[in-house]
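Reader: Please take a close look at one part of this model: the surface that meets DNA. Keep it brisk, and give the cut-offs.

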Amino acid sequence: MAYWLVKSEPDVYSWDTFVAEKQTYWNGVRNYQARNNMKAMRKGDTVMFYHSNEERQVVGLCTVVKEAYQDPTTDDPAWVVVDVKAGKRLKTPVTLATIKQTKGLEQIALIKQSRLSVMPLTEDEFNIIIALGS
DNA sequence: GCCAACGTTGGC
DNA sequence: GCCAACGTTGGC
């Protein structure tokens, strides 16, 4: 069981939209590293949902329900999507500012590689964020 | 709106 | 294969 974090611009695809749809395929990734991370996702893995730009906070959790397959929005076989199902909203959103100040999260990919849109989290990082969000 | 970081493209 | 130019992302 692995942990991941995905970013979305709330203007483009927000947590509320996701919750309303209950499930979605995570499309639009056009970066090889992010793509490789998606390919490494396994059914049942937990994914944190982060709002970038205006909000900059982790807002909720979701679960991988289908592993990587051809992105239906393009014919280019280089790109894949995964299906994710909306889970719980964090009681308290965890902001980037908080993450930066929190001991144990210094190495998180969210800070180290700010432009990456799909990234792995260690179990420790995941648990710390969960604790901050409850 | 600006700019830093960084990935991609294309000329050589 | 290198590197400059360029485009994109995302924090501020």
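Author: A polar contact is a pair of N or O atoms within 3.5 Å; within protein, one must be able to donate a hydrogen and the other to accept it, and residues adjacent in sequence count only if both atoms are side-chain atoms. This is a predicted model, where local features need pLDDT of at least 70 and side-chain atom pairs pLDDT 80 or more, while totals for chains, interfaces and linings use all residues. Residues are numbered from 1 along each chain as written, chains are lettered from A and ligands numbered from 1 in written order, and side-chain values use heavy atoms, without hydrogens and water.

Start with DNA strand C. Its surroundings are K7, E9, Y50, S52, N53, R56, L96, K100, S114 and R115, where near means a heavy atom within 4 Å. Of the strand C atoms within 4 Å of the protein, 83% are sugar and phosphate. Y50 meets a phosphate oxygen of strand C through a side-chain N or O atom, at 3.1 Å. N53 uses a backbone N or O atom, 3.1 Å from a phosphate oxygen of strand C. R115 reaches a base: a side-chain N or O atom lies 2.9 Å from a base oxygen of strand C. By class, this surface has five charged, three polar and two nonpolar residues. Tyr and Leu count as nonpolar, Glu, Lys and Arg as charged, Ser and Asn as polar.

Now DNA strand B. N31, Y32, K112 and R115 surround it. Two of these residues are charged, one is polar and one nonpolar. Sugar or phosphate supplies 55% of the strand B atoms within 4 Å of the protein, and bases the rest. R115 places a polar side-chain atom 2.2 Å from a base oxygen of strand B.
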